[in-house]
Amino acid sequence: MNNSPHWPRVLDSVDVVSKLIAELPALPELVLVLKQFLVEKKLNNAYTGGLCSYALVLTVASHLRDVPTEAQDRPGALLLSYLSSWCLGSKVGRPKERHP
């Protein structure tokens with residue numbers, strides 16, 4: 001058993017990710033594709049300004065909750081909508097705000 005002060009938080013994180021995977025079946029595949037993309041761009045390390053795995057899982061889960069359930073079985077569309085939503089700043093399924 002690890003006596004590290006961070007050990008209980010690690011177990012909580014595992015529980016959170018397990019629940020998210022059960023709730024959102026498209027989550028693992030989308031995260032794996034995005035992780036590979038981040039590795040290729042050298043953006044997978046939080047210490048050097050990249051995005052850690054846990055943060056990636058949480059952002060993908062947040063996005064998947066906004067996507068209609070009928071679109072959850074189209075991985076290519078999910079990838080494009082995630083990139084559009086988080087990289088370009090537009091939320092899928094929500095009207096864009098209009099400025100006068």
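## The largest pocket

Let's start with an open space: the largest pocket here has a volume of about 200 Å³. Keep in mind as you look around that this is a predicted model.

Which residues line the largest pocket? They are L34, F37, L38, L43, G49, G50, L51, L56, Y82, L83, W86 and C87. By class, ten of these lining residues are nonpolar and two are polar, with no charged residues. Helix α4 (75–87) and helix α2 (27–40) each contribute at least two residues to the lining. The largest share, four residues, comes from α4.

## The overall fold

Stepping back to the whole protein, you will find four helices and zero strands, so the order from the N terminus reads α-α-α-α. Among contacts with a separation of 6 or more, 53% join residues 24 or more positions apart.

Of the protein's 100 residues, 22% count as buried. The accessible surface comes to about 7,400 Å², and carbon and sulfur atoms account for 61% of that area.

## A closer look at helix α3

Helix α3 covers residues 53–66, 14 residues in total. What span should α3 have at 1.5 Å a residue? The expected value is 20 Å, and the end C-alpha atoms are 20 Å apart, so the two agree.

Several α3 side chains deserve a look on your screen. The buried residues of this helix are L56, V57, T59, V60, A61, H63 and L64. One of them, L56, also appears in the lining of the largest pocket.

Notes: Residues are numbered from 1 along each chain as its sequence is written. This is a predicted model: local features need pLDDT of at least 70, side-chain atom pairs count only at pLDDT 80 or more; totals for chains, interfaces and linings use all residues. Side-chain values use heavy atoms; hydrogens and water are left out. The expected span of a helix is 1.5 Å times one less than its number of residues. Buried means under 20% relative accessible area, exposed over 50%, partly exposed in between (1.4 Å probe, protein chains only). On a 1 Å grid over the protein atoms alone, a cavity is a set of points where a 1.4 Å probe fits but cannot get out, and a pocket is an open set with protein on both sides within 12 Å along at least five of seven lines; lining residues have an atom within 4 Å of a point. Grid points are joined across faces, edges and corners, and a volume is the space filled by probe spheres set on the points. Ala, Val, Leu, Ile, Met, Phe, Trp, Tyr, Cys and Pro count as nonpolar, Asp, Glu, Lys and Arg as charged, and the others, Gly among them, as polar. Contact means heavy atoms within 4.5 Å. Accessible areas come from the Shrake-Rupley method with a 1.4 Å probe; for residues, only the protein chains shown count as cover.
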